[in-house]
Amino acid sequence: MSKQKKPDHFDYQRLGIDEPSIRHSLANRLTYTVGKDPATATDRDWFLALAHAVRDRMVDRWMETMRSYYREDAKRIYYFSLEFLIGRMLVNSMSNVGFYEECREALEDLGLDIDELKEIESDAALGNGGLGRLAACFLDSMATLGIPGYGCGIRYEYGMFNQRIENGCQIEHPDNWLRYGNPWEFARPEVLYPVKFFGRVMDYADETGRIHHHWIEAEEVMAMAYDTPIPGYGNDVVNNMRLWAAKATRDFDLRYFNEGNYIKAVEEKDDSENLSKVLYPDDTTLMGRELRLKQQYFFVSASLQDILRRFCSHHDDFAGLPEKVAIQLNDTHPSVAIPELMRLLMDVHGLEWDPAWNITRNTFSYTNHTLMPEALETWPLPLFERILPRHLQIIYEINHRFLREVMHHSPGDNELVRRMSIIDEIGERHVRMAHLAIVGSHKVNGVARIHTELMKSTIFSDFNKLYPGKIVNMTNGVTPRLWLKQANPRLAELISSHIGEEWPRELEELKKLVPLAENAEFRKAFREVKKANKARLADLIRTRLGIEIDPNSMFDVQIKRIHEYKRQLLNVLHVITRYNRIRHHPGIDIVPRTVIFGGKAAPGYAMAKLIIRLINDVADIVNNDPLVNGKLKVVFIPNYDVSTALDIIPAADLSEQISTAGTEASGTGNMKLAMNGALTIGTLDGANIEIGEAVGEDNIFIFGLTAEQVAERSMQGPNQDWLEKSELKEVLDMLGSGFFSQTEPDCYLPIIDALTQGDHYCLLDDYSAYVDCQGRVDDLYRDQEEWSRRAILNVARMGRFSSDRTIRQYAEEIWGVNPLSK
């Protein structure tokens, strides 16, 4: 019997995005996918039916997009990131494909409410903070611009943690976001790659004398792919996010099972699959550090094997790899990909060192996200060698050749060699992953202008001198489809009704709002939108936390990861100062404020967790003091994630971006809040500087030391000027005496010690300037017409902070790729 050739594609008709077609799909999906009758279907069943109906309409566009990339032999961009904080996908997918209203109407005909169904979806717990959210914005922008972009990461079964507040303290609970399944992903059991750990390297010479390296006696884990479609906005392009899950090479040991030792029978399977269980295991223990390094290698090895397989299916010369593949390393976490690509090219595919290195260096580029030396990732040599013995050999060789280049450039400068070495020889020897990433990439970028300039002049100044032009700036951006159109539908509708509907794709169109800032009717409509958003948030806070807040008060918002350099503590010092003014002068005429915090502290970060407790203790006192009489409220919203941000950001009046100058690489929360009409109070740090230039210095509140002044301050001893500042002294005395922690009076002494015996992040230096600046905020807020005018100008001038602009810049200056015509 002759074997027929399988078709390479089908001729099929796209599923309709009109309301009758969607209603038909909902019925089919409920019956044939969810397996439920409408009479017994729950809201979750209907959500799943809707999600699959939406996914179906992405899949045909996805197939066509992938075929076009193969047809045009397109250069592909692979974005390697340990995090992709994509949030919920339902509304974003409907909006980007262009049938949100049709879905809403179809559901209404069935007696269902889309707003209720969308709340059923869990946030995908694939990231923690700005790093992962930036990666998600970039995937959205690559698809919207028609750039062949792929996200590569890990399919975590559990997120970082679910944050709950108990007795004012952060308590971490498992974040099992997959407990009800994930309707957006496609499991690819046939896309499976082996990933090795441990073992040893056997060297041998062939008949020509060439030395070969064979990695033997290693443990092996299988990496299995899961694909998620990422739709562009209004262009029928759907790209792919491929995440890897760890699978055991065998499910269980039958011998132990038959002996009745059931735990031992599945031990190997459990150990293997723990690799992709949890985002960011606690790295304060040896086992945690080992797991984290294994996670990083696991996903880059699987991704690189996959990339080379795809490349080899259409090309036979690896020299052309950089012309067809660009890999962006999102921070140092995936930088072990550099020696891994070298290993694959040399040990598996037989290339010599020089061509392999040329290919590797021209394929990779690296994004740096931190200026703080202590935050630059390093790995102890014994740990690295035990887990990845062959890779350490390759790193040694990379370092040897690199340092020879350094010595040729600056002969006799041994101190320079020590500073630039990939191996840190001081104390316990470490691999410096940032140095590896810089040496192994053709371009390195910062994420805001000041950040990039400080990279060149401080932590990476030696590299900048050796490789002038290698370090470039790519100021971050955010996707306006999620962070304005979806987050703030009332404001989006107001904008579209006045300037048209092109702005979600071309954010510079917002500049057409500038003249409308002078229009009283538009300002009134703008205020009504903000008031409605604030009322909605107030309802959510009352429902979820049982706290009553006044929508007419100023909503003063600081939502970000809890860290000392982000200075939530400075905000608290101002809150206490404000509280003291009210209780000392009960009749004071002061602008009522609701100060809203949100953010998680790393489980092992004691000071950050203490700051969370302080916020909640201050809230407990302030919110229950009758003398305050509605003039001040403090709210900590737990478990901050993408969905929570979408609730808070449209309601914000004031955006707190108060990190110590020179510490925040960029920030993207500042962009999201300004884009939604919040005025910024901030330091000259990160992207605040460029936001200030864009919106105008009259439309942003800047205070505090500059990065240069902070550097000078760090050379001096502890600042004792606070002793002469009566308001600040009173605040610190209250913290030290147990005013906010009467059952544990000494609770906040570590905070007092940190502030008065070093103040590394210059809170005491910036306190007076910050409080004075907050006074200017109050003065402006009293004039609602002028506040509205300036808020509108913030929205109107945020065009440059679209992630589309950022991705265009990456495409032109780093990746060398153009958008494709489909």
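## A walk through pockets, cavities and crossing helices

The lining of the second largest pocket breaks down into 21 nonpolar, 11 polar and 14 charged residues. That's a good place to start in this structure, which is a predicted model. The pocket in question, the second largest, holds about 1300 Å³. Its lining takes in 46 residues, and those nearest the centre are Val91, Ser95, Lys485, Gln486 and Pro489. Which helix gives the largest share of that lining? Helix α3, residues 90–97, does, with 6 residues.

So let's look at α3 itself. Buried here means under 20% relative accessible area, and 8 of the 8 residues of α3 are buried, so this helix is largely enclosed by the rest of the structure. If you want to click through them, they are Leu90, Val91, Asn92, Ser93, Met94, Ser95, Asn96 and Val97. What do these buried residues pack against? Their partners are α2, α4 (100–109), α5 (114–118), α6 (130–144), the strand β8 (219–231) and α20 (480–486). Just after α3 comes Gly98, with a positive phi near 100°.

One of the partners of α3 is α2, and that helix is worth a stop of its own. Helix α2 covers residues 43–71, with Asp56 among them. Arg55 sits in α2 as well. Is Arg55 buried or exposed? Its relative accessibility is 12%, so Arg55 counts as buried. Asp56 comes out at 18%, so Asp56 counts as buried too. As for what they touch, set aside neighbours within four places in sequence: Asp56 is then in contact with Leu15 and Arg29, while Arg55 is in contact with Pro183, Trp184, Glu185 and Phe186. Arg55 and Pro183 are 128 residues apart along the chain, yet 8.0 Å separates their C-alpha atoms.

Pro183 brings us to the enclosed spaces. Rolling a probe the size of a water molecule over the atoms shows where empty space is left. How many cavities of 30 Å³ or more does a search of the whole structure find? The search turns up 4. The largest cavity has about 200 Å³ of space. It is lined by 20 residues, and Glu121, Ser122, Gly181, Asn182 and Pro183 are the closest to its centre. Helix α2 shows up again here, giving the most to the lining with 3 residues. By class, the lining of the largest cavity has 12 nonpolar, 5 polar and 3 charged residues.

Now for the second largest cavity, with a volume of about 120 Å³. Its lining has 13 residues, and Asp73, Arg76, Arg310, Phe311 and His315 lie nearest the centre. The elements that give two or more residues to this lining are α2, β1 (76–80) and α10 (286–312). The largest share comes from α10, with 3 residues. Sorted by class, the lining of the second largest cavity has 7 nonpolar, 2 polar and 4 charged residues.

Let's leave the empty spaces and turn to how some of the helices meet. Two packed helices are described by the angle between their axes and the distance between the axes. Take helix α22 (residues 520–545) and helix α32 (residues 784–796): their axes come within 10 Å and cross at roughly 85°. Angles of 65 to 115 degrees count as roughly perpendicular, and α22 and α32 are therefore roughly perpendicular to each other. On the α22 side, the contact is made by Phe522, Arg523, Phe526 and Arg527, and on the α32 side by Gln784, Glu785, Ser788, Arg789, Ala791, Ile792 and Val795. That contact has 5 nonpolar, 2 polar and 4 charged residues.

The other pair to look at is helix α23 (residues 568–584) with helix α29 (residues 726–737), whose axes lie 10 Å apart and pack at an angle of about 100°. How are these two helices oriented to each other? With that angle, α23 and α29 are therefore roughly perpendicular. From α23, Leu573, Ile576, Thr577, Tyr579, Asn580, Arg581, Arg583 and His584 take part, and they meet Glu727, Leu728, Glu730, Val731, Leu732, Met734 and Leu735 from α29. The residues of this contact divide into 8 nonpolar, 3 polar and 4 charged.

Key. Residues numbered from 1 in each chain as written. Predicted model: local features only at pLDDT ≥ 70, side-chain atom pairs only at ≥ 80, totals over all residues. Heavy atoms only, no water. Axes fitted to C-alpha atoms, helices over the stretch in contact; angles between N-to-C directions. Helix = DSSP H or I, 4+ residues; strand = E, 2+ residues; numbered from the N terminus. Parallel < 35°, antiparallel > 145°, perpendicular 65-115°, else oblique. Contact = heavy atoms within 4.5 Å. Nonpolar A, V, L, I, M, F, W, Y, C, P; charged D, E, K, R; others polar. Buried < 20%, exposed > 50% of the residue type's maximum accessible area, 1.4 Å probe, protein only. 1 Å grid on protein atoms, 1.4 Å probe; cavity = no way out; pocket = protein on both sides within 12 Å on 5 of 7 lines; lining within 4 Å. Points joined across faces, edges and corners; volume = space filled by probe spheres on them.
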